[in-house]
Every structure is written in structure tokens, then in C-alpha cells.
There are 2 protein chains.
Amino acid sequence: MPRIVKRPDDRRNEILDAAQALFFERGYERTTVNDVIAQIGISKGGFYHHFSAKEDLLEAITARLAQDAVARVRDVLEDPSLDALARLNGFLASSRQMKVEDAPKLRAAFDVVFRPENLLLYHRINAASIAVMRPVLTGIIAQGKKEGVFAVPDPEAAAEIILHLGASTHDAVARTIAATGTAGEDAAIDALDQRLRFYGVAVDRILGLPDGSVPFVEPGFTRAVMTAR
Amino acid sequence: MPRIVKRPDDRRNEILDAAQALFFERGYERTTVNDVIAQIGISKGGFYHHFSAKEDLLEAITARLAQDAVARVRDVLEDPSLDALARLNGFLASSRQMKVEDAPKLRAAFDVVFRPENLLLYHRINAASIAVMRPVLTGIIAQGKKEGVFAVPDPEAAAEIILHLGASTHDAVARTIAATGTAGEDAAIDALDQRLRFYGVAVDRILGLPDGSVPFVEPGFTRAVMTAR
DNA sequence: CACGAAAGACCGACCGTCGGTCATTTTACA
DNA sequence: TGTAAAATGACCGACGGTCGGTCTTTCGTG
């Protein structure tokens with residue numbers, strides 16, 4: 001094979017891009033290092049020059065995804081005119097907007113990531129996004145505590161709990177995906193939507209707010225994401 | 001090797017016991033099928049006669065652990081004289097008692113299960129216990145809703161959320177384990193204890209109860225478990 | 001500017017391990 | 001004694017990872 005030399009960062013990103021596409025297409029375990037290097041025409045040694053193990057790919061990809069996600073909502077987070085509740089709701093609204101915007105890609109990824117055999121991939125993505133979001137949400141909650149609107153003893157613990165709430169949707173989402181294409185699809189989407197609303201209520205209560213203060217979903221959101229192609 | 005024939009159930013349990021011990025000693029990935037069969041002196045084919053994949057071991061072991069755990073608190077769950085809040089607190093108290101009783105074994109398992117490379121093992125155990133506990137907790141919450149003491153729209157969703165709260169302790173526990181033997185151990189245990197108390201408050205609030213109604217830990221519990229040898 | 005050597009990006013054959021298969025043998029029991 | 005189930009262990013293919021070596025780029029030096 002002809003030897004093509006690239007700047008290390010470019011090559012690294014090229015590998016990451018290829019691996020990410022494959023992971024979201026086949027899952028982590030079912031993607032081999034050989035698959036990745038074949039996709040971009042690189043040798044085994046070349047790959048291991050940039051990454052010390054297949055596992056490194058997972059770490060790098062999930063970190064990159066999480067960083068990208070947080071970068072896209074930075075403007076809301078840094079607007080000094082917002083009080084804590086507005087900041088929190090703005091943060092959640094931006095996140096939803098992002099999800100709706102590339103709903104088709106997201107939905108396709110869901111189909112793979114929520115399969116039982118890809119549990120590890122799911123949890124890694126989750127852990128990475130929690131790691132990135134934790135300081136952000138902690139900041140918002142600390143601000144709200146200072147403002148006297150959030151009644152929590154420990155902002156960081158509250159942030160961790162709320163972020164993990166997202167993980168508890170795993171089964172509900174998986175059930176909805178499983179129902180796709182069946183007669184129960186419509187009902188499954190409604191059930192998921194109702195469940196997500198309750199998560200919003202759970203957040204309200206954990207923060208010591210009246211029910212409905214932090215809407216987790218808006219009308220049509222769940223359906224828009226789950227029926228995207 | 002001499003051929004020893006046993007009743008299928010006995011053999012199955014023997015394999016399960018050996019695998020469980022190894023998983024809690026080295027983790028799932030680092031335990032090979034050869035390790036398991038070597039431990040009890042059985043052949044490869046013999047193993048695959050009883051289990052269709054290594055993955056099956058995980059499923060069977062986690063299911064068995066979860067079943068055992070729920071069986072041990074059955075008496076509290078079936079006592080008809082208890083109202084919902086008493087039942088919930090009794091259920092949690094029994095769970096704590098179990099943990100304190102075999103704290104040394106538990107702590108040793110923690111050391112392995114909470115290592116980052118054993119994330120899958122941790123999540124599998126968690127998922128299995130949630131699967132078993134969900135109907136139980138759903139029943140308790142539904143009773144409380146009927147009694148008018150728990151203010152939740154959907155008992156099953158509430159049960160799922162509360163059970164997943166346990167998972168959100170993962171990082172906090174991992175941090176405490178990491179601090180074992182260092183100068184910060186004492187502070188780490190206190191921090192974990194405080195965090196667990198907050199989880200109790202979160203449960204209170206999700207169920208619409210006044211703070212302190214559902215104590216998640218009692219004095220000394222966290223320290224007892226985390227310092228056991 | 002020329003050039004030679006160090007750095008490091010890249011190659012690909014090779015290796016050990018591991019999960020899993022299968023033809024065969026042994027045992028229990030009706 | 002026939003047969004279904006239990007158990008054997010040699011074998012397989014795929015996979016993650018290694019390693020000796022090659023080729024390109026960069027940069028200090030005369």
C-alpha cells in the first residue's frame with residue numbers, strides 16, 4: 001500500500017470519525033480494529049501509533065461527543081442576564097433543540113445504542129456526558145441556591161442525581177424503540193412522553209420547586225425525535 | 001481426566017458459583033471461560049453443555065443475586081399490617097441490614113466491581129436488581145398513592161427513578177474506594193454518607209413527602225460498610 | 001542553503017488468547 | 001441393552017495487540 005502521511009491531529013480525527021460511524025452502525029464490540037483501519041486505508045501499526053488500545057477509541061469518541069454537546073449550549077450558559085431557573089430551562093431547551101435538529105441521525109444512533117448488546121457503549125456515552133455536564137449543572141444549581149429559589153443542601157449532588165435521571169430513561173426508550181413498526185408504536189411514544197414529563201416533575205421536586213417549573217419535554221418533542229428517519 | 005457426572009442443576013450451580021467468585025475477584029472481562037472450567041475441573045464442552053455463551057454466566061449470576069436479595073426481604077414486603085411508608089422504610093432497613101451483615105464480602109466485591117474496567121459488570125448487577133426490585137417498589141408506591149400519602153402520577157415511573165438513584169451513587173462510592181488507605185479516607189466516607197442522606201431527601205421529594213421521611217442511611221451505616229474487611 | 005540525522009508517522013506480518021464448536025466417549029436409567 | 005443426556009478435549013477462526021523495520025518530515029549545523 002502507498003504510504004500517506006498526514007498531520008497527527010488530522011489522522012487521529014480521521015480514525016475517530018471512522019470508528020464513531022462504525023460504532024453507531026454496528027456497536028462497539030461488533031466493530032473490529034480491522035474494520036476501522038480498512039475503512040480509511042491505514043495499517044494496524046499506524047492505528048496503534050495513535051491509539052494504545054481499542055478501548056481508547058471509546059474514551060476519545062465519547063469525550064468528543066460530550067464536548068461538542070456542551071459547546072453548542074455555551075451561549076445560554078454564559079448569558080449573565082438569566083436567573084438560575086431561566087438558565088436551567090434555557091439549557092434544557094437548547095439541548096432539546098439540538099436533538100430535534102439532527103433527529104434522524106440521533107434516531108438512527110438510538111437504534112443501535114439501545115440494543116442490549118451495546119449496553120457498554122450506551123453507558124460510556126452517558127458517563128462522558130455526565131462528566132462534562134456536571135460542573136455546568138452544578139453551577140446553575142449553585143446559582144439558584146444563592147438566589148434562594150432552589151432548596152438543595154448540595155448543588156453538586158443534586159446535579160449528579162438529575163443527570164443520572166436521564167439514564168433511568170434507558171429502559172423506557174428501549175421499549176419505545178422495540179415497539180417501532182408495530183401496532184403499539186403510537187402508544188409506546190405516548191407512554192415515553194408521559195414518562196419524560198414525570199422526570200421533569202422529579203427535577204422540580206428535587207430542586208424544591210413547584211411541579212411544572214422545569215418542563216423536560218414540550219408538546220411533540222418525543223414524537224418528533226422517535227419518529228425521525 | 002476422570003469423568004464425573006452430576007445432576008444438571010448441581011453442575012449448573014457449581015459453574016455459577018465458581019464464575020461468580022472469579023467475577024468478583026478479577027472482573028468479568030478478565031475472567032476467561034478457561035479460568036472457570038479449570039477452577040472446578042470440567043471440560044470446555046461440559047461448560048458449553050450448560051451455558052450457551054460466557055455472556056449467559058453474567059445474566060444467570062446477576063439474576064440469581066437479585067433473586068436472593070429480594071427473597072431476603074420478602075417478610076417485610078408481605079406483612080399486611082404495614083402502611084406504605086412503613087413498608088418502604090422497612091424494605092430499605094432490611095436491605096441495609098443485609099449489607100451490614102455481610103459487609104466484609106460486600107466491601108471486597110466493591111473493590112473489584114467499582115473499578116472502571118468493570119463498568120459492565122456493575123451495570124449488569126444494577127440492571128438485574130432493578131428488574132427484580134421494580135415490581136416490588138412499584139407495589140409499595142401504588143399502595144402509598146392509594147393511601148394518599150405518596151403524591152406521584154405514575155408509581156412505576158417513580159419506582160424506576162428511585163431505583164436508578166442508587167446507580168447515581170456509583171461515582172461517589174468509587175471515589176470513596178479510591179480514597180481507601182489514604183489520608184482522605186475519613187473525609188471521603190463522611191462525604192459519601194452525606195451524599196447518601198441527600199438521596200434519601202430526593203426520594204422524599206419525588207414521593208411528595210416531607211424531607212426526612214425516608215432515611216436512606218442510619219448513623220454509622222456508611223462507615224460500617226466501607227471500612228469492613 | 002545544503003545536508004544529514006533524529007523524530008515520528010506508518011507498514012504489515014506475526015503472535016497469543018479467547019470464545020466457541022464438534023466428533024466422540026462415558027454414564028445413568030428405563 | 002438401547003438411548004438420551006452429560007462430559008471430553010482437540011481444534012478452529014477471529015480478534016486485539018506487538019514488533020522490527022521503512023519512509024517522510026523537520027530542524028540544527030556548517
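The crossing of α1(A) and α2(A) is right-handed. This is a predicted model. Helix α1 of chain A spans residues 8-26, and helix α2 of chain A spans residues 33-40. Their axes lie 9 Å apart, at an angle of about 120°. Angles of 65 to 115 degrees count as roughly perpendicular and those over 145 as roughly antiparallel, so α1(A) is oblique to α2(A).

Which residues make the contact? From α1(A) come A:E14, A:I15, A:A18, A:A19 and A:L22. From α2(A) come A:D35, A:V36, A:Q39 and A:I40. Six residues of this contact are nonpolar, one is polar and two are charged.

**Chain symmetry**

Chain B superposes on chain A with an RMSD of 0.1 Å. The operation is a rotation of 180° with 0.0 Å of shift along its axis. The two copies are therefore related as by a two-fold rotation axis. Both copies use the same surface: 100% of the contact residues of chain B recur in chain A.

**DNA strand D**

DNA strand D is surrounded by 24 residues. The closest are A:T32, B:P8, B:S43, B:G45 and B:G46. In chain A, α2, α3 (44-50) and α4 (54-72) each give two or more residues to the surface near the strand. In chain B, α1 (8-26) and α3 (44-50) do so. Which element gives the most? It is α3(B), with four residues.

The table splits two sets of residues by class.

| Set | Nonpolar | Polar | Charged |
|---|---|---|---|
| Contact of α1(A) with α2(A) | six residues | one residue | two residues |
| Surface near DNA strand D | nine residues | seven residues | eight residues |

How values were computed
Residues are numbered from 1 along each chain as its sequence is written. Chains are lettered from A and ligands numbered from 1 in the order in which they are written. This is a predicted model: local features need pLDDT of at least 70, side-chain atom pairs count only at pLDDT 80 or more; totals for chains, interfaces and linings use all residues. Axes are lines fitted to C-alpha atoms, for helices over the stretch in contact, and angles run from 0 to 180 degrees between N-to-C directions. Angles under 35 degrees count as roughly parallel, over 145 as roughly antiparallel, 65 to 115 as roughly perpendicular and the rest as oblique. A crossing is left-handed if the near helix is turned anticlockwise from the far one by less than a right angle, and right-handed if clockwise. Two residues are in contact if their C-beta atoms, placed from the backbone, lie within 7 Å. Ala, Val, Leu, Ile, Met, Phe, Trp, Tyr, Cys and Pro count as nonpolar, Asp, Glu, Lys and Arg as charged, and the others, Gly among them, as polar. Copies are superposed by least squares on the C-alpha atoms of residues with pLDDT of at least 70 in both. A residue is near a molecule or strand if its C-beta atom, placed from the backbone, lies within 6 Å of it.
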